[in-house]
Amino acid sequence: RDRAVCELLYGAGIRVSELCALDLDDLDDRAGVIHVLGKGSKERIVPLHATAFASLAQWRESGRAALSTEISPGAAVFFNRRGKRLTPRDVRRILSVRVGKGHIHPHALRHTYATHLLEGGADLRVVQELLGHESLTTTQIYTLVTADKMREVYSLAHPRARL
């Protein structure tokens, strides 16, 4: 479960609340996408890589039934130890254990997802859509990090940058 949670947070860039609200019907491994219900009850479709789907399949096949109880919501993708739907607090706890030393906030994985997309050449409007941002201004926050990366690459690669 923990691996699948981490793979989804980073691999799809979804919010913790969106992860906790995921139902089994929201996963479409044949199409390689998940259906996410975001802020303002807006639905978006987000592609997800094969590694994340493999982690989800392993969780569904072996771990999910072990945590399921008679009070468990049958549609929920993730359960906590008590058999209830996973909560944001549970997710923070999972990340603290998985990371080991130090604390990582779940939203940091969302930022990392967006930053890596932009560093890989993704269009800002596409990233906006994937993140479910209403305004492009919200998404532009991630360009600050990539601008630093561009300066670093420029100074290392351009022959006149070191003059």
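# Exercises on a predicted model

At a relative accessibility of 24%, Arg1 counts as partly exposed; buried means under 20% relative accessible area, exposed over 50%, and partly exposed in between, with a 1.4 Å probe and protein chains only. The model is predicted, so local features need pLDDT of at least 70 and side-chain atom pairs count only at pLDDT 80 or more, while totals for chains, interfaces and linings use all residues. Residues are numbered from 1 along each chain as its sequence is written, and side-chain values use heavy atoms, leaving out hydrogens and water.

## Exercise 1. Overall layout

Task: State the order of the elements of the protein and its overall dimensions.

Solution.
- Step 1. Count the elements: there are seven helices and three strands. Helices (H or I, at least four residues) and strands (E, at least two) are DSSP runs, numbered from the N terminus.
- Step 2. Read them from the N terminus on: α-α-β-β-β-α-α-α-α-α.
- Step 3. Take the principal axes: the C-alpha trace spans about 70 × 35 × 25 Å.
- Step 4. Add the surface: about 9,700 Å² is exposed, and carbon and sulfur atoms supply 54% of that area. Accessible areas come from the Shrake-Rupley method with a 1.4 Å probe; for residues, only the protein chains shown count as cover.
- Step 5. Add the burial: of the 163 residues, 38% are buried.
- Step 6. Add the contacts, where a contact means heavy atoms within 4.5 Å. Among contacts with a separation of 6 or more, 49% join residues 24 or more positions apart.

## Exercise 2. The largest nonpolar core

Task: Find which residues in the largest nonpolar core touch the most other members, and which elements supply the core.

Solution.
- Step 1. Fix the term: a nonpolar core is a set of buried Ala, Val, Leu, Ile, Met, Phe, Trp, Tyr and Cys residues joined through side-chain atoms within 4.5 Å.
- Step 2. In the largest core, which has 35 residues, those touching the most other members are Leu8, Leu9, Ile14, Leu19, Ile34, Leu56 and Phe78.
- Step 3. At least two core residues come from each of helix H1 (2-12), helix H2 (16-20), strand S2 (33-37), helix H3 (50-67), helix H4 (88-99), helix H5 (106-119) and helix H6 (124-131). H1 gives the most, with six residues.
- Step 4. Inspect Ile34: outside its neighbours within four places in sequence, its contacts are Leu8, Ala12, Ile14, Asp26, Leu27, Arg44, Ile45, Val46, Leu48 and Phe53.
- Step 5. Background: in soluble globular proteins, nonpolar side chains tend to be buried together.

## Exercise 3. The two faces of H6

Task: Identify the buried and the exposed residues of H6, and describe what stands at the ends of this helix.

Solution.
- Step 1. The buried residues of H6 are Leu124, Val127, Gln128, Leu130 and Leu131. They lie on the same side of H6 because they cover an arc of only 165° around the axis; the arc is that of the directions from the helix axis to the C-beta atoms.
- Step 2. The face turned away from this side carries the exposed residues Arg125 and Glu129.
- Step 3. The cover over the buried residues includes strand S3 (43-47), H5 and helix H7 (136-157).
- Step 4. Look at Thr139, which lies in H7. Its relative accessible area is 0%, so Thr139 is buried. Apart from neighbours within four places in sequence, Thr139 is in contact with Leu124, Val127, Gln128 and His133.
- Step 5. At the N-terminal end, Asp123 caps H6, with a side-chain oxygen 3.0 Å from the backbone nitrogen of Arg125.
- Step 6. After H6 comes Gly132, whose phi is positive, near 80°.

## Exercise 4. Salt bridges and a loop

Task: Work through three of the salt bridges, giving distance and exposure.

Solution.
- Step 1. A salt bridge is a side-chain nitrogen of Lys or Arg within 4 Å of a carboxyl oxygen of Asp or Glu. The whole structure contains seven.
- Step 2. Arg1 and Asp2 pair at 3.1 Å, N to O; Asp2, at 22% relative accessibility, counts as partly exposed.
- Step 3. Arg15 and Glu18 pair at 2.5 Å, N to O, and both are buried.
- Step 4. Lys42 and Glu134 pair at 2.2 Å, N to O. This pair links distant parts of the chain, 92 residues apart: Lys42 is in the loop between S2 and S3, and Glu134 in the loop between H6 and H7. Lys42 is partly exposed at 46% relative accessibility, whereas Glu134 is exposed, with a relative accessible area of 65%.
- Step 5. Arg15, Glu18 and Arg44 are joined into one network by salt bridges that share partners.
- Step 6. Ser41 is also found in the loop between S2 and S3. Its phi is near 55°, a positive value in a residue other than glycine, and at 60% relative accessibility Ser41 counts as exposed.

Technical notes. Polar contact = N/O pair within 3.5 Å; in protein donor to acceptor, adjacent residues only side chain to side chain.
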